[in-house]
Amino acid sequence: MQIHQIETFVVVARAGSITRASEELHLSQPAVSAHVKAIEEELGLALFERTSRGMSLTDDGRRLLDKAQLALEAHRGLLDEAARIKGRIRGRLRIGGGANSSTEALVGRLVTTLSERHPEVEIGLVHADSNAVVAGIRDETLDAGFYNAGEHPEPGLTTIEVARFGVYLAAPVGLASSPPDWRALEDVPWIRPDADSCCGRAVDRLFAEHGIRPRRIVNVDRVSATRALVAGGVGVGLLHADIAEVAEANGELELVCRADAEVRVLFGYLSRRADDPLVQTVAAVVAARASG
């Protein structure tokens with residue numbers, strides 16, 4: 001039985017489908033299916049039930065999953081120790097972030113530095129919003145990631161502050177006024193991201209601060225969508241400062257006011273993985289850039 005077959009078994013069990021597992025493993029679906037078939041034949045056990053909704057572990061599969069995960073951890077530990085002995089860092093590093101402007105450049109610089117200094121580290125990027133990045137770090141589908149800090153610290157995570165940015169309320173050209181006419185703004189659609197995002201929380205604070213309740217709210221999941229909708233005259237919405245200032249300079253929209261205090265961008269990982277050589281390496285690179 002090959003270690004890559006054991007890894008495929010674990011990933012398919014976690015992902016619940018051949019398709020999602022193939023994406024995570026960067027393998028074709030037939031290759032993933034072949035790994036599963038090979039390990040089942042060697043063990044003489046059916047590990048999965050194939051259903052219309054994907055792959056579900058059998059009772060035998062559930063009993064073996066913990067052992068398989070321990071085997072992978074032991075294999076990774078062996079490689080890590082050998083790398084330490086040789087003075088090299090190697091392995092697969094999964095980093096989350098880059099779903100918005102506040103982290104795209106940070107992720108790009110980090111990947112460039114790691115590629116130059118540690119060419120034997122295989123880097124996998126997952127573009128996701130802040131909530132998904134934190135969830136991925138917790139369930140260990142991600143080793144680390146960048147995310148916008150919420151109102152409360154995330155327990156169990158070690159973090160490094162890497163940036164801060166402001167948030168502006170933006171309006172279609174011709175709609176902004178100084179000072180803002182909040183009653184008039186109440187009558188136009190508000191473009192609102194997820195309530196748990198930094199911009200979503202800022203929108204709610206504006207509503208409470210000015211005692212307004214817009215008649216129509218358009219829900220979006222990306223800052224780029226907010227920019228396009230505001231520029232298209234659909235309504236008003238919040239944008240990160242760098243995007244807002246560029247859009248205003250291009251004549252796409254107008255800035256109504258600064259809507260929130262600065263939002264912190266954090267790099268985080270599980271505290272219990274602080275001794276992991278890969279995590280130590282990426283954290284050191286991030287900390288050096290943050291302090292520089």
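This report describes the overall build, the largest pocket, one helix and three individual residues of a predicted model.

## Overall architecture

The chain has 292 residues, and 45% of them count as buried. Its secondary structure comprises eleven helices and ten strands. Along the principal axes, the C-alpha trace spans about 70 × 50 × 30 Å.

Contacts between residues distant in sequence account for much of the fold: of the contacts with a separation of 6 or more, 71% join residues 24 or more positions apart.

## The largest pocket

The largest pocket holds about 1000 Å³ of space. Its lining is made up of 32 residues, and those nearest its centre are Glu-7, Leu-72, Glu-73, Arg-76 and Arg-94. Two or more lining residues come from each of helix H1 (3-15), helix H2 (18-25), helix H4 (59-86) and strand S3 (91-96). Among the contributing elements, H4 gives the most, with eleven residues.

By class, the lining of this pocket contains 18 charged residues, nine nonpolar residues and five polar residues.

## Helix H9 and its buried face

Helix H9 covers residues 223-231, and its buried residues are Val-223, Thr-226 and Val-230. Viewed down the axis of H9, these buried residues fall within an arc of 55°, and therefore they line one face of the helix. An α-helix has 3.6 residues a turn, so residues three or four places apart point the same way.

The buried residues of H9 pack against S6, strand S7 (190-192), strand S9 (236-240) and helix H10 (241-249). On the face of H9 turned away from the buried side are the exposed residues Ser-224 and Ala-228. After H9 comes Gly-233, which has a positive phi, near 85°.

## Glu-40 in helix H3

Glu-40 belongs to helix H3, which runs over residues 29-43. The relative accessible area of Glu-40 is 11%; this residue is therefore buried, as the value lies under the 20% limit.

A polar atom of the Glu-40 side chain lies 2.8 Å from the backbone nitrogen of Leu-47. Leaving aside residues up to four places away in sequence, Glu-40 touches Leu-45, Ala-46, Leu-47, Phe-48 and Arg-50. Leu-47 thus appears both in this set of contacts and as the backbone partner of the Glu-40 side chain.

## Phe-165 in strand S6

Phe-165 is placed in strand S6, which comprises residues 157-171. S6 is also one of the elements against which the buried residues of H9 pack. With a relative accessible area of 9%, Phe-165 is under the 20% limit and so counts as buried.

Phe-165 and Arg-264 are 99 residues apart along the chain, yet their C-alpha atoms are separated by 6.8 Å.

## Pro-180 in the loop after S6

The loop between S6 and helix H7 (182-186) contains Pro-180. This proline has a relative accessible area of 24%, which falls between the limits of 20% and 50%, so Pro-180 is partly exposed.

Not counting residues up to four places away in sequence, Pro-180 touches Leu-185, Val-256 and Cys-257. From Pro-180 to Val-230 the distance is 16 Å, C-alpha to C-alpha, with their positions 50 residues apart in sequence. Val-230 is itself one of the buried residues of H9.

Technical notes: Residues numbered from 1 in each chain as written. Predicted model: local features only at pLDDT ≥ 70, side-chain atom pairs only at ≥ 80, totals over all residues. Heavy atoms only, no water. 1 Å grid on protein atoms, 1.4 Å probe; cavity = no way out; pocket = protein on both sides within 12 Å on 5 of 7 lines; lining within 4 Å. Points joined across faces, edges and corners; volume = space filled by probe spheres on them. Helix = DSSP H or I, 4+ residues; strand = E, 2+ residues; numbered from the N terminus. Nonpolar A, V, L, I, M, F, W, Y, C, P; charged D, E, K, R; others polar. Buried < 20%, exposed > 50% of the residue type's maximum accessible area, 1.4 Å probe, protein only. Polar contact = N/O pair within 3.5 Å; in protein donor to acceptor, adjacent residues only side chain to side chain. Contact = heavy atoms within 4.5 Å. Arc of directions from axis to C-beta.
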